[in-house]
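Good morning, everyone, and thank you for making time for this. I would like to walk slowly through one structure, starting with its aromatic rings and ending with one of its helices.

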Amino acid sequence: MQKTLKLGASIRGVGYHVSAWRHPDVDPRAAEKIGHYAELARIAEAGLFDMVFFADALATRAIDSPLGAAARYPGDAILDPLMILPALAMETRHVGLVATSSTTYHEPYHIARRFAALDHISGGRAGWNVVTSFSNREAANFNRAEQLSKPERYARATEFLETAIGLWDSWEEGALVADRQSGLFFDPSKVHAVNHVGPHFQVAGPLTSSRVPQGRPLIVQAGASEEGLDLAGRYADVVYSIPRSIEAAIANRRELQARAVKFGRTGDQILSMPGVQVISGETEAEAREKYRVLLDIVDPLTALGMLNRQFGDVFTPEMLDEPVPAEGPAEGTSYSVARESVKRAREKSWTLRQLCQRVGLGQHFQIVGTHDRAAEVLAEWFTSGACDGFNVLPSHTPGNLADFVEHIVPRLQQRGLFRTAYEGATLRENLGLAPL
Ligand SMILES: Cc1cc2nc3c(=O)[nH]c(=O)nc-3n(C[C@H](O)[C@H](O)[C@H](O)COP(=O)(O)O)c2cc1C
């Protein structure tokens, strides 16, 4: 049987476009309405997506540079994904439910317990996107002036995951017997203390939850540094990455498979799902028109705010109609995606306004073209070994996600590259991962 690709719908407020809330088809307040997320989960499930995926951060992001930028940024009024997902579990039956949670600002017992609850509530559809967080603003909300160094954050993350896995394993399969006749509720020989003692955590266990339907929730990871790749190689079932070219994606997937092998796993136990944004139409002209509307609604102040957050206070509104400066900013940031955007703007001789429009729409791998062409590009990535599937990043919701489900999914199915019905009962089964 031909291998089929996997799909995630990455959901952030009302879309990845920084001014998506201004799109004429979008409810500008929907990012804090549960009905919006329920609608997106139903659309994703109608499209047979493997999962909906929620990014998260533990601090506001906007900076007021240039002046006025902060007040125009919509991304700081959002809901905690772990509060959204149980509601979505009640709205859906098949689609996986993945939330981002930080290992830097939680304790393993909290996280293991919450994701165990989500796995029970959803009947085996829970996933945890493990992040170490990356900003001092998050540190400032958790008793620190500055964040821990990257090696420290990843050392904590590794011990965190080890401990969480110990907690999920603290109840063996079949430990909960609930036998009315004998009066035995659980089999004490199958429930174990954890007694973890390490540099960051001391956790006795066991967990206040019997073994979850998936054995353990799906582990997703997104860090791209050496330390991040090692963490993925050791624990991740799925990696969300943001390569901008097919070549970069192929190299990234090979690297991840090698890391899995380094930690005693096999290459097929780790799935690469790069982010992609698709803006497509029946005709090239229709796709271009959708793209133009999206570029037009980018608020230049908001986009300048994003650039200044990444590069320091280097861009001003007065520079908008000048070419992107030939020197400077590109080297000044640790955000590789932002560096690449500036580099591309220089190569194409864009003005700062044009760069702002592109940055505002999203700095991920993008396909703008006919539905047929979009499906062809996705097929090419998958069949050439660049990925195991895609994390779809809608520009605005629900419209752009609905477009993907209506036009791209059937084209992938016609090529035999995507399922026509869910195969399994759990997220792990649908992803084709071996039982634990
Ligand atoms: C595609 C992608 C998605 C990410 N999503 C989140 C997120 O939702 N929340 C978060 O705190 N960090 C997120 N991160 C940040 C990573 O978890 C990590 O902290 C950051 O990339 C720095 O580590 P690195 O140098 O290993 O990449 C994401 C990173 C990537 C590459």
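Let me begin with a question: is Trp168 buried or exposed? Trp168 is buried, because its relative accessible area is 3%, and burial here means a value under 20%. Please keep in mind throughout that what we are looking at is a predicted model.

Trp168 brings us to the aromatic pairs, of which a search of the whole structure finds 12. In one of them, the rings of Trp128 and Trp168 have their centres 6.3 Å apart, and since their planes stand at 80°, the pair is edge-to-face. This pair links distant parts of the chain, with Trp128 in strand E4, residues 126-131, and Trp168 in helix H5, residues 150-168, the two being 40 residues apart. Trp128 also counts as buried, because its relative accessibility is 0%. Both of these tryptophans belong to a cluster linked by ring pairs, whose other members are Phe115, Phe160 and Phe201.

Let us turn to a second pair, formed by Trp171 and Phe186, which is tilted, with 5.4 Å from centre to centre and 55° between the planes. Trp171 lies in the loop between H5 and strand E5, while Phe186 lies in strand E6, residues 184-186, so the pair ties together parts that are 15 residues apart in sequence. As for how covered the two partners are, Trp171 is buried, with a relative accessible area of 11%, whereas Phe186, at 34%, is partly exposed.

Rings also appear here beneath charged groups. The charged end of Arg309 sits over the ring of Tyr73, 5.6 Å from its centre, and the charged end of Arg358 sits over the ring of Trp350, 4.5 Å from its centre.

Arg358 falls within the range of helix H11, residues 352-361, and so I would like to finish there. How many of the residues of H11 are buried? The helix is mostly covered, with 7 of its 10 residues buried, and these are Leu352, Leu355, Cys356, Gln357, Val359, Gly360 and Leu361. What do they pack against? The buried residues of H11 pack against two strands, E11 (271-281) and E12 (365-370), and also against the helices H8 (284-296), H9 (300-311) and H10 (336-347). Just after H11 comes Gly362, which takes a positive phi of about 140°.

Key:
Residues numbered from 1 in each chain as written. Predicted model: local features only at pLDDT ≥ 70, side-chain atom pairs only at ≥ 80, totals over all residues. Heavy atoms only, no water. Phe/Tyr/Trp six-rings, centres within 6.5 Å; stacked < 30°, edge-to-face > 60°. Helix = DSSP H or I, 4+ residues; strand = E, 2+ residues; numbered from the N terminus. Buried < 20%, exposed > 50% of the residue type's maximum accessible area, 1.4 Å probe, protein only. Lys NZ or Arg CZ within 6 Å of the ring centre and 35° of its normal. Contact = heavy atoms within 4.5 Å.
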